[in-house]
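Hello,

Here is the structure for you to look over. My notes on the cysteines and the aromatic rings follow below it.

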Amino acid sequence: MNQFELTIEENQQNDRIDKVVSSFNTEWSRNQVQGWIKEGNVTVNGKIVKTGYKCNQGDVIEVNIPEPEALDVVPEEMNLDIYYEDSDVLVVNKPKGMVVHPAPGHMSGTLVNGLMAHCKDLSGINGVLRPGIVHRIDKDTSGLLMVAKNDLAHESLVNQLVAKTVTRKYKAIVHGVIPHDQGTIDAPIGRDKRDRQSMTVTDENSKVAVTHFNVIERMKDFTFVECQLETGRTHQIRVHMKYIGYPLVGDPKYGPKKTLDIGGQALHAGLLGFIHPRTSEYLEFEAPLPNDFEELLEKLRR
């Protein structure tokens, strides 16, 4: 049973409870939340309410989500782009448009479904919905992910992420021409109070977030950049580049309204390096830009 607690803020006053709770997590659909409310898994100030309950400022909402059975996540044969694999770890190049792991209401077609068909040994630390998953990239971001095949590997890789020793470099195309060749964005990221499905730079309930960037190429109205993560917050590069005035091209959430319609943000996790959990050898992998990313670059250069 997963348990979440949230307190209603002034801007959520008089909003329906199903709307407020579904906005708390991008993976929760409103229909799913309505089901939880009807089953008594959502309480307000300790009391069961109906789906049409109007929230009051200061209400404490508790959400209890039953853990789905392992059988709910089924292996699916996929043509995965595996860059490295041994008995401890696996590195895979995720295509744009693929979700990393299942969530309630979205149980198939994810990277985890493919991994479960590819190999039977995945670490169980993250539960039945996220076997082997150590870190994530967004659905419309392509690129490299490390996967743990056992708990020893999982703990080692997570510790490396916490210690900021994992190398993660992304290629991105942003709106605007960045005048300086490099920079560091050190700005804390937390959930946006006005839109709970978005993240923003804020001092309230936020976590330290640091992104380093280098300009690769300047075009007429765009810049091709490489971003290196020091921390790994949700939507970090997308939020940080918007914060300094250079939002990602194609980003439906953080980009300008008149961005290019390319089916999601122009962001590719191209380089990944880490210390092998068992051998202590440093491993580094690089995935080339996807074809559609290369084609976009050529179009913008012209």
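Buried here means under 20% relative accessible area. By that cut-off F274 is buried, and F285 is buried too. Keep in mind that this is a predicted model.

Those two rings belong together. F274 and F285 form a tilted aromatic pair, with 6.3 Å centre to centre and 35° between the planes. F274 sits in strand β14 (residues 267–275) and F285 in strand β15 (residues 282–286), so the pair ties together parts eleven residues apart in sequence. Y84 joins them: Y84, F274 and F285 make up one aromatic cluster.

How many aromatic pairs are there by this rule? The count is three. Another of them is F224 with F293: the ring centres are 6.1 Å apart and the planes stand at 55°, so this pair is tilted. Tilted covers plane angles that are neither under 30 degrees nor over 60. F224 belongs to strand β13 (residues 222–229), while F293 belongs to helix α6 (residues 291–301), so a strand and a helix 69 residues apart in sequence are tied together here. Both F224 and F293 are buried.

Now the cysteines. How many disulfides does the structure hold? The number is zero. Are C55 and C119 buried or exposed? C55 has a relative accessible area of 0%, so C55 is buried. C119 comes to 7% relative accessibility and also counts as buried.

Please look at the F274 and F285 pair alongside Y84 first, since the three form one cluster.

Best wishes

Conventions. Residues numbered from 1 in each chain as written. Predicted model: local features only at pLDDT ≥ 70, side-chain atom pairs only at ≥ 80, totals over all residues. Heavy atoms only, no water. Disulfide = S-S within 2.5 Å. Buried < 20%, exposed > 50% of the residue type's maximum accessible area, 1.4 Å probe, protein only. Phe/Tyr/Trp six-rings, centres within 6.5 Å; stacked < 30°, edge-to-face > 60°. Helix = DSSP H or I, 4+ residues; strand = E, 2+ residues; numbered from the N terminus.
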